[in-house]
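User: I am new to this structure and would like a close look at one part of it. Please keep the answer plain and connected.

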Amino acid sequence: MSEIKLFIDDREVSVPEGSTILDAARIAGSYVPSLCHHPDLKPIGSCKLCIVSVEGMDQYPTACNTPAAEGMVVHTCTEELQEMRRNTLEMLLALTNHPTSCLFCERKDQCTDLRECMRKFPVTVGCKYCPNDGQCELQEVVQFVGLERIRYQTSFRGLPVLREPFFDRDYNLCIMCSRCVRMCDEVRGQSILFNNPNFHRNHWIGPESLQEADCKFCAACVDVCPTGALFVRSEKWIRPDSTVVTICPYCGVGCSLTLKIFENKILSVTPSREGVVNRGQACVKGHFGLEEIVHHPDRITTPLIKRNGQFEPASWDEALELVVQRLTQIKEKYGPDALGALSSSRCTNEENYLMQKLARAAFGTNNVDNCARVCHAPSVTGLAACFGSGAATNSFDQIEDADVLFIIGSNATEAHPVVSLKIIKAARKGAKIIVADPRKIELVDWASVWLDQKPGTSIALLNGMMNVILREGLEDREFMERRTIGFEELQKTVEEYPPERASQITGVAAEAIIEAARIYARADKAMIIYGLGMTEHTTGTANVMSLGNLAMLTGNVGRRSTGIMPLRGQNNVQGACDMGALPNVYVGYQPVTDPAIRSKFEEAWGAVLPTDPGQTSTEMMERNPGKEIRGLYILGEDPAHTEPDINRVRSTLQSLDFLVVQELFPTETTRYADVILPAASFAECDGTFTNGERRIQRVRKAIPALCGQENWQTICRISQMMGYPMSYSHPSEIMDEIASLAPMFAGVRFDRLDDGGLQWPIPSIDHPGTETMHADNFSCGLGRFNSVEHRPPAEGTDAEYPLILTTGRRREHYNSGSMTRRSKGIMWVWPEETVEISPADARELGIEDGEMVSVRSRRGEVKTRARVTDKSSRGVVFMSFHYQDVLTNLLTNAALDPQAKTPEYKACAVRVEKIKG
Ligand code: SF4
């Protein structure tokens, strides 16, 4: 982009073409007041406070929406401008009846030094005791323009302060700048505040709360409020004594969050504007689902040993001695493969690296896995089979510039809210959206085509689309010939899937399949975004390979805003796999079966390592005869809640000789433990997380570990006590070791990650990271087409179980809910589980919205409330698995994808019945 030069207050500045005068003034270091403007919003120039004087112009343009021009000479702070601003501000305060003295402040009864306040702000805004004091942009502007009194009659409106979950609305302090309303619409794509006429009136009269208005409580409106009108309750009246920027511990988007700390407690959390992934945005979980949880009284802060069926507190020494003694006994009696370790997608890379090192070097087994097994393992196997690397090909930022986004099996607005903002932004910029999903998810509202497929029919759908592409000559022959192999086989397969046949299998109209194929194939830049709706099937790996086929067939890989983006569920599911917390590979996906690689690790670790791949987590839960796991160490996972067919998992956990679980809170799984070790939360640890776009980001310790030690220290102590020394003084040393052993991380050092992190591969210390993979070559050289056939879900419906249950997430909750269910605010917003059922099915079954029903599968039964909604298609019901009192996974099917061993959470047969009486 070319630059232009202009003068701001006698300083010459260079700015990119398209910048406004306000942008240029900020670069020049000149403060220009602006109350309606916010950098993330379209400039509207309505408050008129950003007027400037431009030589040669006979009016005073508003700086926020006037383009900077070559050679312009701008003055931002003449006496004339300040006089006009004072008049404007005076009028604004009068018109909005903004409080002008401390007499109207909320804490006037506690006010101890009114004189000091009045001296500081004589007869002006009187914000000394406003909750926003010191951060109030209005206060700043008043001081800047030198407004000292208001000549007009104003009266305190005395409006009630409205309590919402998490924040207060005090319209006595509102100056009608409309930032909140525009943020909700322009950035969040919600228009909740536009559609709720009572939200922003001078006189709030509605009965309607934001919750009733379907607010998502992302609080983006609160974050841009320039006064104290919208204010987070937990930080009202208290000022933090420090702030720490770290990464959200919930989903795989990896938003940067600023933790505000007061006396070693998290006071509140705000999304960081410097965060390269989220740029000041977050969802309700990241914004409000942390401070209460980290300090929740249920936190396990002391080791617990089960004696006579009861857990009793113990010292760290006592608990670790027992753990080491029992694991060593099992190893000596049954061999190292009787031990297993479940590492955690919630923990840092460094903790995951140490867990797999502990399993391999100290336990002597490759029986180590993480919960990617039950979500995105098919992405690793499927994408690696196509491209040679099992990770996202591009960056989240590139979503915004795509021409077409094909979203399949991903309810991004609920599961990855901040990524969904980028999808909505792309749609607003003109990108066409194709949604393939059995449910009418929110993104359908933005879609050109909705492919409302039956669960478990993605291969037929994709083969049908590829059939159309080939029939109409829309494939990219040049790309295929130059960069791929295996096309002929694929061609033969997809010939068998004309749209009419694909329609029969999927339930999607043939015309819609044809239209989607044309839209995708004709785009210059088409990107595929998918989620667990693709992977959590018995055909998970084949589903992912089918996406690889579609992308390569049309040349949509290896360029910006193309490629395939698997949206990762948990914060560090990518990293847990990268670190080798998998039974078949060491860190950096180096196979344990390769003798040269194994001897590299043996030399580096000073240990003899096992030669055969270990068991996956799903296999460990099977009690395979002759391969039984007898001693298990689970770090930060809750398989008794999250694995399918829970009764099976319960019986395995019960039958173990010894189970040690390290956790933040009591969970379904800790009930079966012999020893519970306390875990340190994300806010108590240093380290790194890797998000869904391969970005390694710094996690920073904000408060001391409540349990007295960080997780990496606990793992090191266990290892040392088992006779295998592990010694580090800081997690950065663990990362140095990772970099020395895995070529793809060779250039990673903690001090290189401070500025937004780096996307792997990072093969050398001066490498800038890789935004777009497979640009010139695929990781495996030539891309490989893998032809795949439709296979129905493992379990079909019948007269007894006539409905298909599909499971997923709700925006407010996370995984087993052990964290989010402990937030009062989040439980206020989404307090209980429901089964979502279509109006037609509900009518047929005589079920009313809100009634209690039983949901029964061939494995178990739960009772919950029905939510009758047209989000559910006929024949399909939906539940999440966030609640301990409604264990949805009692119902789900443990049938596995043969390659990735991932269970089929997304389709099992159920019966729904009204509970009589
Ligand atoms: Fe961002 Fe995901 Fe955390 Fe929400 S849960 S704030 S989208 S990382």
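In which strand is Gln-759 found, and what surrounds this residue?

Analyst: This is a predicted model, with a mean pLDDT of 91 for the protein and 94% of its residues at 70 or more. Two stretches fall below 50 in pLDDT: residues 102–115, with 18 contacts in the model beyond near neighbours in sequence, and residues 120–129, with 41 such contacts. Where pLDDT is low, the predicted coordinates should not be read in detail.

Gln-759 belongs to strand E28, which covers residues 758–759. The relative accessibility of Gln-759 is 5%, so this residue counts as buried, the cut-off being under 20%. Its side chain makes a polar contact with the side chain of Arg-695, at 3.2 Å. Arg-695 also appears in the list of residues in contact with Gln-759 once neighbours within four places in sequence are left aside. That list also holds Glu-693 and Arg-694, then Asn-394 and Ser-395, and finally Gly-769, Thr-770 and Glu-771.

For the wider setting, the nonpolar cores can be described as well. The largest nonpolar core has 62 residues, of which Tyr-353 and Phe-745 touch the most other members. Helix H11, residues 349–363, gives the most to this core, with 8 residues. Leaving out residues up to four places away in sequence, Tyr-353 touches Met-579, Val-587, Trp-605, Tyr-728, Ile-734, Glu-737, Ile-738 and Leu-741. Another core lies apart from the largest one and has 52 residues, including Ala-436, Leu-490, Ala-517 and Leu-550.

Note on methods. Residues are numbered from 1 along each chain as its sequence is written. This is a predicted model: local features need pLDDT of at least 70, side-chain atom pairs count only at pLDDT 80 or more; totals for chains, interfaces and linings use all residues. Side-chain values use heavy atoms; hydrogens and water are left out. pLDDT is the predictor's confidence in each residue, from 0 to 100. Contact means heavy atoms within 4.5 Å. Helices (H or I, at least four residues) and strands (E, at least two) are DSSP runs, numbered from the N terminus. Buried means under 20% relative accessible area, exposed over 50%, partly exposed in between (1.4 Å probe, protein chains only). A polar contact is a pair of N or O atoms within 3.5 Å; within protein, one must be able to donate a hydrogen and the other to accept it, and residues adjacent in sequence count only if both atoms are side-chain atoms. A nonpolar core is a set of buried Ala, Val, Leu, Ile, Met, Phe, Trp, Tyr and Cys residues joined through side-chain atoms within 4.5 Å.
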